[in-house]
Each structure stands twice: as structure tokens, then as C-alpha cells.
Amino acid sequence: MRQPLSRELSNMLERSRDRQLRLAVTGLSQAGKTAFLTSLVNQLRQAGVEAQLDLLPVAREGRLLGAQRLNQPDLGVPRFPYDPGMASLRDTPPRWPEPTRGISELRLQLRYRPAQQGWFTPDIAHLTLDLFDYPGEWLLDLPLLQHDFYSWSQSQAQHEGPHRRALFSEWLAEAEQLDPTAEADEAQLATLAEAYALGLRRAKQAGFSDLQPGRFLLPGELDGAPMLQFFPLPGLDTPKETLDALPESSLYATLAARFRYYQQQVVRPFYRDHFRRFDRQIVLVDVLGALNAGPERFEDLSRALQQLMKSFDYGKRSLLTRLFAPKIDRLAIAATKADHVTPDQHTHVVQLLEALLAEPLKDLRFADIPVKALSLAAIRATEAREVLHDGKRTPALKGTTLEGEDVLVYPGDVPSRLPKVDFWQQQGFDFPSFRPMPADSEALPHIRMDAAIDWLIGDKLT
């Protein structure tokens, strides 16, 4: 929905003064976006009161006065459910906020005292921060913009490991028998599309990440629409030029047309309206969950993230780009759920994350885009302890599982580089899912949220 002219002019003025930032909190499903956003708002609102933000200089020096929620810029988009999320965390027992099932936005205004006072420096300055939340499943669709139906079908076939292939067995048994040149059968297409969607849902439950189209997993208002009744064609060995010349009624042409429609009517507007407007970005990665799930899922996550990061515009900011063509000029990559391993393993988690995203990071650093890797827990779920084992003090974690059992565990050692075959054969790395810790104050307990905030917006709060 288009904003009123007065609001557009106000936003443009703020951006020209570099007093407005749009932050992309990017992550695949279950990476922790909703928890991160809830904690981010909470920490900024409690700054100077109860929040522990020692790694954020403006807060440590007592210059950050807090944050206030403002009316969001797009009145046609729901507000990010911060209050319901906080209510879940303060419930008895505490519960994680509900995962995102649609698009939402939130605008914050931060007030702070500038570090240096002068004739032209105000006593109190402000920064407007726009936040955007969305289902991680929908994010998976952005790489589709780099494909046509033929190349997408081939790319899907290239990444079929044995476990993933088994999850799509019913669909594959039928799809591999299809003749691309045959007349399209609408009933057959609908049945096979549902079988393919079932395979995607199974793959998600099994811990896979590279799952396209994302709307098949969370269709929303598109549920049952013909635009969702398509799937990749396995085993394409006929030249593309030959298939493109087939009549519109053919199976190949019908699937290709639906792919283009989905691409142009669902994916491109989603990208245009939201993902082309960001100034800063944090990519949240559940690297521990992938490590827990095994080698095929781990490689799948790496592939999904590398494809995804090609979908964003990175570059230096100037007045013109701020106003008319925003580019992401600073990036953080964060391994979430750092509280699921003991503190002695946090350095290894960061090193593993950097290895997982080695190629995109090389490209970003070559382009001179500031990038920082870190591990964090947006909302803590465990406490670090030490226990006596064979006469030695051993690190451990104390927490409560989702089932309500209090446990004291050592999840295992995290490799500092991409695991080799022997790791997967011998590894004992395992961790349970924990409830969030009860909050003893208004500020949520966290690990390194202050470091993430400082990297993403600290330079604008000087």
C-alpha cells in the first residue's frame, strides 16, 4: 500500500540526513528471527534501565536514552507482534514466541546524547530504525529470480542426496516417468504438485534448508491456487531450445508458464517491496542445528545460504543511494543458539560459521563491505556451569527441556572447520531443545546481543 505523500517526504528527509536505517533480519526457518527481533526491541527499550549492553558504547556510557515504538511506515502491513512475544516469554512456564506466518513491520525511534557536543550538535539526537519480519520459508524463493524453469529443474536434480531423495520417493516415482512433450493433464499436475509439497514438508521436518518453492511450505492466501501446482522436472536431457518450442498445452510449457507466473507475481513483488530497500543486514544461521542433523543437511544449509546471499544488493552508501537505490553497506552473520553449547565452544562456532559461508564472505570483503561474524543467543535458555568429572572441572549447561525436564548436559565439541567424514562417523555432538529462561527483570537475558547491535547501528549513535 502506498504511503501518504507527507510521510514519504518525511522519510526521504530523514534518509537524506542519514537518520533512518532499514535493518534486514535475514534467516531461514527456525534460525531465530522472531526471537532476535523480540530481543532487539526489548534491549533497546530497556537501555539505560535494566538491559545489560556493555559491548554497546552508547549504552555503556549512559548516552542511550531508550527507544519508542512509532507508527509503522506501511499501514497495509501488520505490526510485528512484540507484545504477544513478550507475553509468551513471561508465561509460566515461559514459551518461545510463535513463529512468523506472515509479513510484519516495526518502527523504532532511538534517542541518545551525541558523544561530542558543539555549536551544530543537538543535545538529544534520534535514529529511526525500521524492522521487517517474514516467514523464513518465503525467503527461500529469492534465488528463484536467478533461474528460468529449465535451469531451476536442473539445479534441483543436482542436489539430491540419498536422504533427501528418499523423502521425495512417492513424487519421484511418478515424476521420473513424465514425458515433457506430452499433453498436460490438470488433475495429474495437481496430484504431483501436492506430492512434491509433501516431500518439501518432510524435508523441512528432517532438517533440510534448501527447499523451493518456499510458498509450498507456507502458502498463506495462495493455498490451492493453480500457481502453486508446479514442480521441477527431473532428468531433463533434451536441449532447452527444443523444449521451449513445444506448444503451450504440453507438460513442459505448462509447468514453465506456472513457474514464470509464480516468479513474477509472487517472488518479484516480495523482493521489490521489501528486500531491495535495506541498509544493514544480519544473517541468522542455525549452524548448530545443521551440525546436529548430519552431513547431508549441513551441506544443504551451506548451499541454501550461499544462494540466498546472492539475492541482496551490497555496496557503499551515498546520498543518492540512500534516497533512491539503497544498498546494504554493513553485514553481520550470526550463529544463533550460542547458549546450546558451553562458552569454551563459542569461538569454534564462529570459525565454523565463517567456513560455512567462506565464498560469500570472500566476495563481500573483496567489495570492501564490512562484515562481522559472531555467535549469540538472542534470548538465553541455559546457564553455564562446571561439574566435577573424573576429578576435573568440566563445563556443562543447565537448562529445562521443552518437555519440562531439568537437565545438566555437555553437548559435545564443535569443530572449528568444515567437518570431514570421520567427524560424522564418530561425532557425539547432540543437544536438546530448551525452554527460554524465566526473565528476572524487564530486560531479556542474552548472549552478545549488545555486540550485534553495536556492529549494526552503533556507528550511527556516536
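**Cores, pockets and local geometry of the predicted model**

F275 touches F132, Y134, L139, L142, F270 and F312 when residues up to four places away in sequence are not counted. The coordinates analysed here are those of a predicted model. F275 also belongs to the largest nonpolar core, which has 87 residues, and is one of the members that touch the most others, together with L142, F231, L233, Y252 and V287. The element that gives the most to this core is helix 11 (residues 251-275), with 11 residues. Another core lies apart from the largest one and holds 47 residues, including L44, A51, L129 and W455.

Helix 13 covers residues 295-309. At 1.5 Å a residue, its 15 residues should span 21 Å, and the end C-alpha atoms are 22 Å apart, in agreement with that expectation. Of these 15 residues, 12 are buried, so helix 13 is largely enclosed by the rest of the structure. The buried positions are E296, R297, F298, D300, L301, S302, R303, A304, L305, Q307, L308 and M309. The list includes charged residues, among them E296, R297, D300 and R303.

The largest pocket contains about 1,200 Å³ of space. Its lining is made up of 49 residues, and those nearest the centre are Q30, A31, G32, D286 and K337. Two or more lining residues come from each of helix 2 (33-45), helix 5 (136-139), helix 9 (186-205), strand 5 (280-285), helix 12 (287-293) and helix 13. Among the elements, helix 12 gives the most to this lining, with four residues.

One of the residues nearest the pocket centre, K337, also has a marked backbone setting. K337 is not a glycine, yet its phi is positive, at about 60 degrees. The residue is placed in the loop between strand 6 and helix 15. With a relative accessible area of 27%, K337 is partly exposed, because this value falls between the 20% and 50% limits.

Enclosed space was examined separately. The count comes to four cavities of 30 Å³ or more. The second largest cavity has a volume of about 130 Å³. It is lined by 13 residues, of which Q156, E160, W171, Y196 and P232 are the closest to its centre. At least two lining residues are supplied by each of helix 6 (149-158), helix 7 (162-167) and helix 8 (169-175). Helix 6 gives the most to the lining of this cavity, with three residues.

The loop between strand 6 (330-335) and helix 15 (346-356) also contains T342. T342 has a relative accessible area of 1% and is therefore buried, the limit being 20%. The side chains of T342 and D344 are joined by a polar contact of 2.4 Å. Beyond the neighbours within four places in sequence, T342 is in contact with P395, A396, L397 and Y410.

A396 and L397 are also contacted by A384, again leaving aside neighbours within four places, and P343 completes that set of contacts. A384 lies in strand 8 (residues 382-389). With a relative accessible area of 41%, A384 is partly exposed. The C-alpha atoms of A384 and V341 are 8.8 Å apart in space, although 43 residues separate the two in sequence.

Further backbone features occur in other loops. The peptide bond from T92 to P93 is cis, with omega near -5 degrees. P93 is located in the loop between helix 4 (82-89) and strand 3 (104-112). The bond from Q212 to P213 is likewise cis, with omega near -5 degrees, and P213 lies in the loop between helix 9 and helix 10 (240-244). A positive phi, near 65 degrees, is found at D368, a residue other than glycine. D368 is in the loop between helix 16 (358-366) and strand 7 (371-375). Its relative accessibility is 52%, so D368 counts as exposed, the threshold being over 50%.

Key: Residues numbered from 1 in each chain as written. Predicted model: local features only at pLDDT ≥ 70, side-chain atom pairs only at ≥ 80, totals over all residues. Heavy atoms only, no water. Buried < 20%, exposed > 50% of the residue type's maximum accessible area, 1.4 Å probe, protein only. Polar contact = N/O pair within 3.5 Å; in protein donor to acceptor, adjacent residues only side chain to side chain. Contact = heavy atoms within 4.5 Å. Expected span 1.5 Å × (residues − 1). Core = buried A, V, L, I, M, F, W, Y, C linked by side-chain atoms within 4.5 Å. 1 Å grid on protein atoms, 1.4 Å probe; cavity = no way out; pocket = protein on both sides within 12 Å on 5 of 7 lines; lining within 4 Å. Points joined across faces, edges and corners; volume = space filled by probe spheres on them.
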